[in-house]
Amino acid sequence: MDAADMANQQVELIERLGVEQAHTNAGRRELVPMGACHWCNEPLRRPNQLFCDEGCAADHADDKRRNGVMR
Ligand SMILES: [Zn+2]
């Protein structure tokens, strides 16, 4: 395995984590994959991806939580 392969695996893992985390955090409302990150609108390579990375998924979930509290 060379460095490029390892980098690829890393990206795949992050993508999978982002999607899974998004599903977990989204709760009842499921986001629909739209080919771009739901948080920063970055174009995504995978058609079923919701966020470009887990940071965006977390930020999105965080924002939702904050809006739900409504201070
Ligand atoms: Zn993003």
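## Overall fold

The chain holds 2 helices and 0 strands. The model is predicted. Helix α1 covers 3–26 and helix α2 covers 54–69, with a loop between them.

The chain has 71 residues, and 17% of them count as buried. Contacts with a separation of 6 or more include a long-range share: 39% of them link residues 24 or more positions apart.

## The nonpolar core

The largest nonpolar core has 6 residues. They are W39, L50, F51, C52, C56 and A57. In soluble globular proteins, nonpolar side chains tend to be buried together.

C52 is a core member. Setting aside residues up to four places away in sequence, C52 touches C37, C40, E42 and L44.

L50 also belongs to this core. L50 sits in the loop between α1 and α2. L50 counts as buried because 26 C-beta neighbours lie inside 10 Å, and the cut-off is 20 or more. L50 also pairs in space with G35: the two are 15 residues apart in sequence, and their C-alpha atoms are 7.5 Å apart.

## An exposed loop position

N41 lies in the loop between α1 and α2. Its phi is positive, about 65°, although N41 is not a glycine.

Is N41 buried or exposed? N41 counts as exposed, because it has 11 C-beta neighbours inside 10 Å. The limit for exposed is 12 or fewer.

## Helix α2 and its distant partners

G55 lies in helix α2. G55 is partly exposed, with 13 other C-beta atoms within 10 Å. Which residue is 37 positions from G55 in sequence and 7.8 Å away in space? That residue is G18, with the distance taken C-alpha to C-alpha. G18 falls within the span of α1, 3–26.

A61 is found in helix α2 as well. A61 counts as partly exposed, because its C-beta neighbours inside 10 Å number 18. The buried class starts at 20. The C-alpha atoms of A61 and W39 are separated by 9.6 Å, with the two positions 22 residues apart along the chain counted as their separation. W39 is one of the core residues.

## Summary of the picture

Three positions illustrate the burial classes. L50 is buried, A61 is partly exposed and N41 is exposed. L50 and N41 are loop residues, whereas A61 is in helix α2. The core includes L50 from the loop, and C52 from that core touches C37, C40, E42 and L44.

Note on methods:
Residues are numbered from 1 along each chain as its sequence is written. This is a predicted model: local features need pLDDT of at least 70, side-chain atom pairs count only at pLDDT 80 or more; totals for chains, interfaces and linings use all residues. A nonpolar core is a set of buried Ala, Val, Leu, Ile, Met, Phe, Trp, Tyr and Cys residues joined through C-beta atoms within 7 Å. Two residues are in contact if their C-beta atoms, placed from the backbone, lie within 7 Å. Helices (H or I, at least four residues) and strands (E, at least two) are DSSP runs, numbered from the N terminus.
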